[in-house]
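Reader: I would like to learn how to read a model of this kind with some care. Could you take me through the features in turn?

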Amino acid sequence: MNKLREALNSGKTALGSHVSFNNPVITELMGECGFDYIWIDT
């Protein structure tokens, strides 16, 4: 089960971020920061 679903099912607050860069390296780095979700807007 993914981190976002686990947090929501247990009643915890989900922490995430928004990424709008077109560079996949930046998005991968954001994914390694420990967020529960990353919203990718292109």
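Author: The dialogue below goes from confidence and overall layout to the strands and then to single residues.

Author: This is a predicted model, in which local features need pLDDT of at least 70 and side-chain atom pairs count only at pLDDT 80 or more, while totals for chains, interfaces and linings use all residues. Residues are numbered from 1 along each chain as its sequence is written, and side-chain values use heavy atoms, with hydrogens and water left out.

Reader: What does the chain average in pLDDT, and where is confidence lowest and highest?

Author: pLDDT is the predictor's confidence in each residue, on a scale from 0 to 100, and where it is low, the predicted coordinates should not be read in detail. In this chain the average is 86, and 98% of the residues score at least 70. Confidence is lowest in helix α1 (residues 3–9), with a mean of 84, and highest in β1, at 90.

Reader: Which pattern of helices and strands does the chain follow?

Author: Helices (H or I, at least four residues) and strands (E, at least two) are DSSP runs, numbered from the N terminus. Here the secondary structure comes to two helices and two strands, and along the sequence they follow the pattern α-β-α-β. The C-alpha trace spans about 35 × 15 × 15 Å along its principal axes.

Reader: How do β1 and β2 pair, and what is the hand of the crossover?

Author: Two strands pair if DSSP finds at least two bridges between them. In this case four bridges join β1 to strand β2 (residues 37–40), and the two run parallel. The chain crosses from β1 through α2 to β2 in a β-α-β crossover that is right-handed, a term which applies if, with the strands pointing away from the viewer, the path from the first strand over the helix to the second runs clockwise. As for individual bridges, Gly-16 has Tyr-37 as its partner in β2, and Ser-17 has Ile-38.

Reader: Which side chains of β1 are buried?

Author: Buried means under 20% relative accessible area, exposed over 50%, and partly exposed in between (1.4 Å probe, protein chains only). Along β1 (residues 16–19) the side chains alternate, with Ser-17 and Val-19 pointing to one face and buried, whereas Gly-16 and His-18 point to the other and are not. Of the 42 residues of the chain, 10% count as buried.

Reader: Why does Thr-27 count as buried, and what is it in contact with?

Author: Contact means heavy atoms within 4.5 Å. Thr-27, which lies in helix α2 (residues 24–31), counts as buried because its relative accessibility is 18%. Leaving aside neighbours within four places in sequence, Thr-27 is in contact with Val-19, Phe-21 and Ile-40. Glu-28, also found in helix α2, is exposed because its relative accessible area is 55%. Between the C-alpha atoms of Glu-28 and Gly-16, which are twelve residues apart in sequence, the distance in space is 14 Å.

Reader: Is Asp-41 buried, exposed or partly exposed, and which residues does Trp-39 touch?

Author: Asp-41, in the segment after β2, counts as partly exposed because its relative accessibility is 34%. With neighbours within four places in sequence left aside, Asp-41 is in contact with His-18, Val-19 and Ser-20. Trp-39 is placed in strand β2 and touches Ser-17, His-18 and Val-19, not counting residues up to four places away in sequence. The C-alpha atoms of Trp-39 and Arg-5 are 15 Å apart, with 34 residues separating the two along the chain.
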